[in-house]
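Visitor: I have a few questions about this fold. Could you take me through it?

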Amino acid sequence: MSMRGLLVLCALSFAACDSTGLRRGGSGDGGAGGGGATMSCADDAPDLDGCACSGASATRACWPATAPASARNVGACHDGMQSCTAAGEIGGWGTCDGAGLPSTENCTNGVDDDCDGNADCKDADCASDPACGCSDGQTRSCWDGPPQAESVGACKDGTQTCAGGQWPTTCAGEVLPSPEQCTDAVDHDCNHLPGCLDVFACATNPACQSQCKVDGSRTGCVCPDGDGDTATCPAGDVGITSGGIPGTVQCCPCTANDCGNPACCNESVCKNDPRCGGLSCKPLPASCGGKVNFDCDDFPEDCDEPCCPCSTC
């Protein structure tokens with residue numbers, strides 16, 4: 001949903017919203033997120049209690065905002081349902097009812113009652129339960145981290161060794177999620193995205209920014225001034241990004257092969273090239289200082305970049 005859509009929903013909602021389209025918990029939102037918690041009214045939010053809706057009698061699966069997110073649909077835990085109900089001319093989502101929430105682990109029922117990914121005697125909560133006795137020296141694998149991170153990336157199970165007829169409450173040797181290290185290709189936070197591929201953790205890390213490397217395969221290439229799309233190249237050059245992540249960048253003189261890029265369509269080498277059709281070209285403003293933006297083919301963003309000589313704007 002767009003930001004404009006979120007703000008419209010919030011304007012109609014029973015809950016108070018801030019300028020980002022997020023709602024603030026309080027007495028008017030059915031108690032969800034009380035104490036001033038910030039929750040989203042986006043369509044994919046787990047709990048839309050207090051958010052505006054359309055279509056009376058509509059229902060959706062939900063997970064209470066007050067319940068731990070990691071427990072959703074793990075073990076005995078399951079989604080509830082919430083309904084869109086009319087209140088005058090405005091519809092609003094009701095409370096999330098019927099969800100199966102974490103409970104105290106029962107060590108003998110074969111169910112993961114507390115929804116932490118460990119059922120019965122595999123749960124550390126059952127280490128001292130008589131039903132979970134063991135023979136001294138007996139070993140088993142163990143895991144205390146989020147269920148979705150087990151055996152993902154750098155994360156691995158540990159080992160428990162029986163002593164005194166009981167399993168220990170700790171898990172020796174396990175590797176739990178840790179902050180992503182953007183300088184290597186290991187998935188340290190165990191979310192299936194290693195190193196620079198983890199854009200949530202590494203998007204702004206210097207190790208994951210493209211670096212200039214003039215490769216010599218094209219003559220006259222130089223490094224751009226600045227970083228990203230707002231970097232600039234000499235007029236008549238086109239910005240080229242190559243390689244993987246983070247990749248390399250360079251500014252190279254336009255050739256006939258580059259005529260699909262608006263940075264080159266004003267050059268003589270691209271005159272009358274059909275790939276430049278539909279573009280409006282004009283001289284660079286004096287404020288550009290003879291420089292063009294590094295990336296002039298990123299429609300519609302180039303409409304906001306005054307140093308792109310040709311655009312569809």
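Guide: Start with a strand pair. This is a predicted model. In it, Val 238 faces a cysteine of E13 across the pairing, and that partner is Cys 252.

Visitor: Which residue stands opposite Gly 239 in E13?

Guide: Val 238 stands opposite Cys 252. Gly 239 also has a partner in E13, and that partner is Cys 251.

Visitor: How many bridges join E12 to E13, and in which direction do the strands run?

Guide: Strands of a sheet pair through backbone hydrogen bonds, parallel or antiparallel. Strand E13 covers residues 248-253. Its bridges to E12 number six, and the two run antiparallel.

Visitor: Which residue in the hairpin of E12 and E13 takes a positive phi?

Guide: The hairpin has five residues between the strands. The phi in question is near 85°, and the residue is Gly 243.

Visitor: Which strands are the edges of the open sheet?

Guide: The sheet has three strands with mixed pairing, in the order E10-E13-E12. An edge strand here pairs on one side only. That gives E10 (211-212) and E12 (237-242).

Visitor: How many disulfides are there?

Guide: The count rests on a cut-off: two cysteine sulfur atoms must lie within 2.5 Å. Cys 53 and Cys 84 qualify, with sulfur atoms 2.0 Å apart. By this rule the count is 20.

Visitor: How many residues apart are Cys 53 and Cys 84?

Guide: The pair links distant parts of the chain. Cys 53 lies in strand E4 (residues 52-53), and Cys 84 lies in strand E6 (residues 80-87). The separation is 31 residues.

Visitor: Is the link of Cys 53 and Cys 84 right-handed or left-handed?

Guide: Look at the turn about the S-S bond. For Cys 53 and Cys 84 it is 90°, and the link is right-handed.

Visitor: Which ring does the charged end of Arg 60 sit over?

Guide: A search of the whole structure finds zero aromatic pairs. A charge over a ring does turn up, with Arg 60 at 5.9 Å from the ring centre. The ring belongs to Trp 93.

Visitor: What is the volume of the largest cavity?

Guide: The whole structure yields one cavity of 30 Å³ or more. Its lining includes Asn 118, Lys 122, Cys 142 and Trp 143. The lining residues divide into three nonpolar, three polar and three charged. The volume is about 30 Å³.

Note on methods:
Residues are numbered from 1 along each chain as its sequence is written. This is a predicted model: local features need pLDDT of at least 70, side-chain atom pairs count only at pLDDT 80 or more; totals for chains, interfaces and linings use all residues. Side-chain values use heavy atoms; hydrogens and water are left out. Rings of Phe, Tyr and Trp (its six-membered ring) pair if their centres lie within 6.5 Å; planes under 30 degrees apart count as stacked, over 60 as edge-to-face and the rest as tilted. A charge sits over a ring if NZ of Lys or CZ of Arg is within 6 Å of the ring centre and within 35 degrees of the ring normal. On a 1 Å grid over the protein atoms alone, a cavity is a set of points where a 1.4 Å probe fits but cannot get out, and a pocket is an open set with protein on both sides within 12 Å along at least five of seven lines; lining residues have an atom within 4 Å of a point. Grid points are joined across faces, edges and corners, and a volume is the space filled by probe spheres set on the points. Ala, Val, Leu, Ile, Met, Phe, Trp, Tyr, Cys and Pro count as nonpolar, Asp, Glu, Lys and Arg as charged, and the others, Gly among them, as polar. Two strands pair if DSSP finds at least two bridges between them. Helices (H or I, at least four residues) and strands (E, at least two) are DSSP runs, numbered from the N terminus.
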